[in-house]
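Hi there,

Here's the structure I promised to pass on. Have a look at it first, then read my notes below.

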Amino acid sequence: MEKKNIDWSNLNFGYIQTEKRYVSWFKDGAWDEGALTEDATVVLNECAGVLQYAQTIFEGLKAYTTDDGHIVAFRPDLNGERMEDSARRLEMPAFPKERFVDAVTKVVAANAAYVPPYGSGATLYVRPYMFGANSVIGVKPADVYQFRIFCTPVGPYFKGGVKPLTICVSDFDRAAPHGTGHIKAGLNYAMSLHAIVSAHKNGFDENMYLDPGTRTRVEETGGANFLFVTRDGKVVTPRSDSILPSITRRSLMHVAKEYLGLEVEEREVYLEELKDFAECGLCGTAAVISPVGKIVDHGREICLPSGMTEMGPVTKKLYDTLTGIQMGRIEAPEGWIHIIE
Ligand SMILES: *Cc1c(COP(=O)(O)O)cnc(C)c1O
């Protein structure tokens, strides 16, 4: 198959329209069989549930070319499961996870010409989403939904090399206790926009959100979970019901324990103990891990010993091992690599 003439290594994280996307409708209590389409436009009634009451959820995952030339996706079954959980919390019909994986497979295969070649550092970002599509004026769940998946090629995350981030402890909250922090819903992002724009204006790359109940514990950033490394080499990630369960973070914790033989802990992490950590990273599909060099808490600077020029040694090992597994250079645990073609 002929690849598109794209300068893969210089792509940004932006939207490039590809040829095919997937659509399935939920009507009269059931999902239709779904199909690929070339129409990238969504037409909705002015009173659609998604427009009035933000009834929408999404997922994000990557497809890419491995060392041996296969096009694969990384653990799409977990995205399918998480999207079922998100749907239930917003009173939307779950799109079955088996069908989710099948639809991801179809969209990626139909756009194989847009899957960046091995070694370019670029990937095909896959965006499944679902929204209430019929008119609702009284506050209630919609009856009609669209589940869609589009994809877009995106460039390497660390383009001019790795640059550790400077983040700030936010005065805004991301998720209420017993709220919707654990699901991937557009509403969590709408309300994070003011906080991230403010952080950028103040010279920070990201926000560190605390637990809104006591504001003493670390939760996550707007779109990535935290990993910390203690001075004696233990890998720690915060536990909280309002953190979005990152598939990258869960995979990295497995890699830390089973591949690198490190001790791992998922537990409450206090703001007050940040000064004791050796390394800090943000985990998510986009970057796998972005190292954090400095955390600023209202003028108090916490400088991670790993510094502002490179990834800390444990973060680097975790990054190299997980990307090695993804790219087929290191043997993957059973079921992690979904071969598309
Ligand atoms: C998507 C997301 C993440 C990262 O999850 P991955 O499955 O690793 O991509 C982390 N935090 C939030 C709030 C997210 O929405």
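Let's start with overall size, keeping in mind that this is a predicted model. For 341 residues, a compact globule would have a radius of gyration near 20 Å, and the chain comes out at 20 Å, so the two agree. If you'd rather think in terms of a box, the C-alpha trace spans about 55 × 50 × 35 Å along its principal axes.

What is the chain built from? DSSP gives 7 helices and 17 strands. Buried residues account for 53% of the 341. On the outside, the chain exposes about 15400 Å², and 51% of that comes from carbon and sulfur atoms. I also looked at contacts between residues at least 6 apart in sequence: 71% of them join residues at least 24 apart.

Now for the inside. How many cavities of 30 Å³ or more does the whole structure have? The search turned up 1, and the space in the largest cavity is about 30 Å³.

If you want to find that spot on your screen, pick out Leu227, Val229, Cys280, Gly281, Ile289, Thr315 and Leu318, which line the largest cavity. Three elements each supply at least two residues of this lining: strand 11 (225-230), strand 14 (277-284) and helix 7 (313-327). As for chemistry, the lining has 5 nonpolar residues, 2 polar ones and no charged ones.

Happy to go through any of this with you.

Cheers

Definitions and conventions: Residues are numbered from 1 along each chain as its sequence is written. This is a predicted model: local features need pLDDT of at least 70, side-chain atom pairs count only at pLDDT 80 or more; totals for chains, interfaces and linings use all residues. Side-chain values use heavy atoms; hydrogens and water are left out. On a 1 Å grid over the protein atoms alone, a cavity is a set of points where a 1.4 Å probe fits but cannot get out, and a pocket is an open set with protein on both sides within 12 Å along at least five of seven lines; lining residues have an atom within 4 Å of a point. Grid points are joined across faces, edges and corners, and a volume is the space filled by probe spheres set on the points. Helices (H or I, at least four residues) and strands (E, at least two) are DSSP runs, numbered from the N terminus. Ala, Val, Leu, Ile, Met, Phe, Trp, Tyr, Cys and Pro count as nonpolar, Asp, Glu, Lys and Arg as charged, and the others, Gly among them, as polar. The radius of gyration is taken over C-alpha atoms; the globule rule is 2.2 Å times the number of residues to the power 0.38. Buried means under 20% relative accessible area, exposed over 50%, partly exposed in between (1.4 Å probe, protein chains only). Contact means heavy atoms within 4.5 Å. Accessible areas come from the Shrake-Rupley method with a 1.4 Å probe; for residues, only the protein chains shown count as cover.
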